[in-house]
Amino acid sequence: MILGKSVSWGNLQLHFLGGGTPSAGNSSYYKGDIPFIRSGEINSDKTELFLTEDGLKNSSAKMVSVGDILYALYGATSGEVGISQINGAINQAILAIKPIDEYSSYFIMQWLKLQKQKIIDKYLQGGQGNLSGSIVKNLILNVPNFEEQQKIGSFFKKLDDTIALHQRKLAKLKKLKQGYLQKLFPRNGSKFPQLRFSGFADAWEQHKLGELLKYEQPTKYMVKSTDYDDKFETPVLTAGQSFILGYTDETDGIKEASSDNPVIIFDDFTTSSHYVGFPFKVKSSAMKLLSLVSDVDDFYFVYNVLSNLNYTPQSHERHWISKFSGFNVFVPKHDEQKSIGDFFRTIDSTIILHQRKLEKLQELKKGYLQKMFC
């Protein structure tokens, strides 16, 4: 079957709508009551912009309804697809696929999700760019009968709802942690945090960050694919992200850590930090390895001191020793450090647990998509 305007798939028909944007120079077209959906909002129940009736009438913007399929054509969102959660107008970066007769929009949406990478590779050569309505309309799709479409669509909707639930839980946990970081550490030069555990009242002492953490530059990195094999036993960590790429038998000069010898990975480019308490290997020279200067301090507390720094790096800035080690930070006595460190360790463990559940669900869905569609 060919996915095209008013093309019948047995008893199934689809209708396609392209959108448009009212003139940005006419203020009477905006700040109305009509949600204006842009490509980054196809899976959202909220929009940043709203149109007036005049804006809708005097432009190519088209109205869509809850349940319509929204397909992103332009830029970084090319190939993204969703089901409209609101009644609103779409811009030219979105192609709407509307039901005319009986068919499962959720079935077709899931098929388009499965095809995303193939479409990008074929029409955009894997990079950013624009698709077109004609490309989407001429995709070939095998369609089962309506009853089977409904069952498949319903199955994936339940799976998506479960994934969305875990995403919301994860987002709430991360927001909760950020709130506690604000309250359990002193702010604006104060020596006292806003929130404290019972039994602690002393002022915190000021230290240089370099007095708490020592710096080490790894001397050897994984560079070529031949450095890895297919056993995937030891994580290889890269700048910007921490994830498993593979492992190598070459260990000379490559930093390894364990729960008895944890380190903090500091990324020169993003200033992000990761606490690592397991054996690993390093891929990027942008990564610095930080460990405690002495055993007087609680390492997980100090890790959260680093995570709590309010600093935005300048472009191409890579200055751990000259800049970060000289930052002033406030530190309580060891017992309070440990209480705070243990508290954040518990929160982080819960975040990791939810993250793993979410990743497993996403992998499960990916497997079902590959098996349930032709």
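**Exercise 1. Determine how helix 4 and helix 7 are oriented relative to each other, and describe the residues of their contact.**

Step 1. In this predicted model, the axes of helix 4 and helix 7 (residues 334-372) come within 10 Å and cross at roughly 160 degrees; an axis is a line fitted to C-alpha atoms, for helices over the stretch in contact, and the angle runs from 0 to 180 degrees between N-to-C directions. Helices (DSSP runs of H or I, at least four residues) and strands (runs of E, at least two) are numbered from the N terminus.

Step 2. That angle makes helix 4 roughly antiparallel to helix 7, given that angles under 35 degrees count as roughly parallel, over 145 as roughly antiparallel, 65 to 115 as roughly perpendicular and the rest as oblique.

Step 3. Helix 4 passes helix 7 in a left-handed crossing, a term that applies if the near helix is turned anticlockwise from the far one by less than a right angle, while clockwise gives a right-handed one.

Step 4. Sorted by class, the residues of the contact of helix 4 with helix 7 are 21 nonpolar, 7 polar and 7 charged; Ala, Val, Leu, Ile, Met, Phe, Trp, Tyr, Cys and Pro count as nonpolar, Asp, Glu, Lys and Arg as charged, and the others, Gly among them, as polar.

Two sentences on conventions belong here. Residues are numbered from 1 along each chain as its sequence is written, and side-chain values use heavy atoms, with hydrogens and water left out. Because the model is predicted, local features need pLDDT of at least 70 and side-chain atom pairs count only at pLDDT 80 or more, whereas totals for chains, interfaces and linings use all residues.

**Exercise 2. Work out the geometry of helix 2 against helix 4, and then against helix 7.**

Step 1. The axes of helix 2 (residues 105-123) and helix 4 (residues 146-184) come within 7 Å, crossing at roughly 65 degrees, and the two helices are therefore roughly perpendicular to each other. The crossing of helix 2 past helix 4 is left-handed.

Step 2. On the side of helix 2 the contact (heavy atoms within 4.5 Å) is made by Tyr 106, Phe 107, Met 109 and Gln 110, and on the side of helix 4 by Gln 149, Ile 152, Gly 153, Phe 156, Lys 157 and Asp 160. These residues comprise 5 nonpolar, 3 polar and 2 charged.

Step 3. Helix 2 and helix 7 pack at an angle of about 100 degrees with their axes 10 Å apart, which makes helix 2 roughly perpendicular to helix 7. Here Gln 110, Lys 113 and Leu 114 of helix 2 meet Lys 365, Leu 369 and Gln 370 of helix 7, so that Gln 110 of helix 2 takes part in the contact with helix 4 and in the contact with helix 7.

**Exercise 3. Describe the surroundings of Tyr 300 in helix 6.**

Step 1. Tyr 300 lies in helix 6 (residues 299-307), where 8 of the 9 residues are buried; buried means under 20% relative accessible area, exposed over 50% and partly exposed in between, with a 1.4 Å probe and protein chains only. Tyr 300 counts as buried, at 7% relative accessibility.

Step 2. At the N-terminal end, Asp 298 caps helix 6, with a side-chain oxygen 3.3 Å from the backbone nitrogen of Tyr 300.

Step 3. Leaving aside neighbours within four places in sequence, Tyr 300 is in contact with Tyr 275, Gly 341, Phe 344, Arg 345 and Asp 348. The side chains of Tyr 300 and Asp 348 are joined by a polar contact of 2.5 Å, that is, a pair of N or O atoms within 3.5 Å, of which, within protein, one must be able to donate a hydrogen and the other to accept it, residues adjacent in sequence counting only if both atoms are side-chain atoms.

**Exercise 4. Establish whether Lys 31 and Asn 188 are buried or exposed, and state their phi values.**

Step 1. Most residues other than glycine have a negative phi. Lys 31, in strand 2 (residues 30-37), has a positive phi of about 65 degrees although it is not a glycine.

Step 2. Asn 188, in the loop between helix 4 and strand 9 (205-208), has a positive phi of about 55 degrees and is likewise not a glycine.

Step 3. Lys 31 is exposed, with a relative accessible area of 82%, and Asn 188 counts as exposed at 84% relative accessibility.
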